[in-house]
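I opened this model to look at its pockets, its helix packing and its sheet. My notes follow in the order I looked things up.

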Amino acid sequence: MAHMLQLDDVHTYYGNIHALKGVSLEVERGEIVTLIGSNGAGKSTTLRTISAIQRPREGRVLFEDRELQQMPPHDVVKLGIAQAPEGRHVFARMSVYENLQMGAFSRPGVSITADVARVYDLFPRLKERRTQKAGTLSGGEQQMLAIARALMAHPVLLLLDEPSMGLSPILTEQIFAIIADINAQGTTVLLVEQNAQMALNVAHRGYVLQTGRIILSDTAANLAANQQVRQAYLGEI
């Protein structure tokens, strides 16, 4: 059976900088898969390559057997892949509701009432702030909005890039509980996260990236128990 998402020996560059050096990975429908690694390992580049924002020089990106690497990014969204980017990148001068409308741009002419109700159910704070300009929200609220905006595209695969960045431990726990809830509702998730412990707690499987190469892949439980992972990414000495 075909994988939902497959990267096959992907090499991605920024100019002469070889960022991904033969990355191969798979994501199956219904999973939460996490990519962990230090800063500069290539985690965000992997997501950008899947979204076709960054084009690989070599290798293939397959989503339900369709090659993505030559598609324009907006067509990738229409296929069912949406990304909440690192740094949130909300539309600061637009209201919360207008940001949600922008998330549904790939579905013109479709009523978004039920989708808005769903994200307000997941993120009650956003419902309270629906008329507020996104740039005036707290960091945690902006992260909620970035995820909610991605969900408005009706993705079957949600790409999350550092959802806990800059958040307090309490807010981080809330965000990860919501990620688990989104997955339980049927959305497959590929998660890039600096907080390896939280990522492995919520994920089914994981990959460890180091300087553009995958050096380990296993179930999340096995990676969390791996001594190399524990020392390098979970803060153990």
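I started with terms. A pocket here is an open set of grid points with protein on both sides within 12 Å along at least five of seven lines. Its volume is the space filled by probe spheres set on the points. I kept in mind that this is a predicted model.

**Entry 1: second largest pocket**

I looked up the second largest pocket and read a volume of about 180 Å³. Its lining has 18 residues, and Asn39, Gly40, Ala41, Gly42 and Lys43 are the closest to its centre. I then checked which elements give two or more residues to this lining: strand 2 (17-27) and helix 1 (43-50). I sorted the lining of the second largest pocket by class and got nine polar, five charged and four nonpolar residues.

**Entry 2: largest pocket**

How much space lies in the largest pocket? I read about 450 Å³. I listed 17 lining residues, with Val77, Gln83, Pro85, Phe105 and Arg149 nearest the centre. At least two lining residues come from each of helix 2 (73-79), strand 6 (81-84), helix 3 (96-103) and helix 6 (139-151). Strand 6 gives the largest share, three residues. By class, I noted eleven nonpolar, four polar and two charged residues in this lining.

**Entry 3: helix 3 on helix 6**

Helix 3 and helix 6 both help line the largest pocket, and I checked how they pack. Their axes lie 7 Å apart, at an angle of about 35 degrees. The crossing of helix 3 past helix 6 is right-handed. Helix 3 makes the contact with Val96, Asn99, Leu100 and Gly103, and helix 6 with Leu145, Ala148 and Arg149. I counted this contact by class as four nonpolar, two polar and one charged.

**Entry 4: the sheet**

Next I traced the open sheet. It has six strands in the order 6-7-8-3-9-10, with mixed pairing. Which strands stand at the edges? They are strand 6 and strand 10 (213-219); each has a single partner strand, so one side of each lacks a neighbour in the sheet. On average, neighbouring strands are turned by 15 degrees against each other, direction ignored.

I zoomed in on one edge. Strand 6 runs parallel to strand 7 (residues 157-161), and four bridges join them. Glutamine 83 of this pair stands opposite leucine 159 in strand 7. Helix 6 packs on the sheet and touches strand 6 and strand 7; its direction makes about 170 degrees with that of strand 6. Helix 7 (residues 169-184) also packs on the sheet, touching strand 3 (32-36), strand 7 and strand 8 (188-192). I read about 150 degrees between the directions of helix 7 and strand 8.

Definitions and conventions. Residues numbered from 1 in each chain as written. Predicted model: local features only at pLDDT ≥ 70, side-chain atom pairs only at ≥ 80, totals over all residues. Heavy atoms only, no water. 1 Å grid on protein atoms, 1.4 Å probe; cavity = no way out; pocket = protein on both sides within 12 Å on 5 of 7 lines; lining within 4 Å. Nonpolar A, V, L, I, M, F, W, Y, C, P; charged D, E, K, R; others polar. Axes fitted to C-alpha atoms, helices over the stretch in contact; angles between N-to-C directions. Left-handed = near helix turned anticlockwise from the far one by under 90°. Contact = heavy atoms within 4.5 Å. Pairing = 2+ DSSP bridges.
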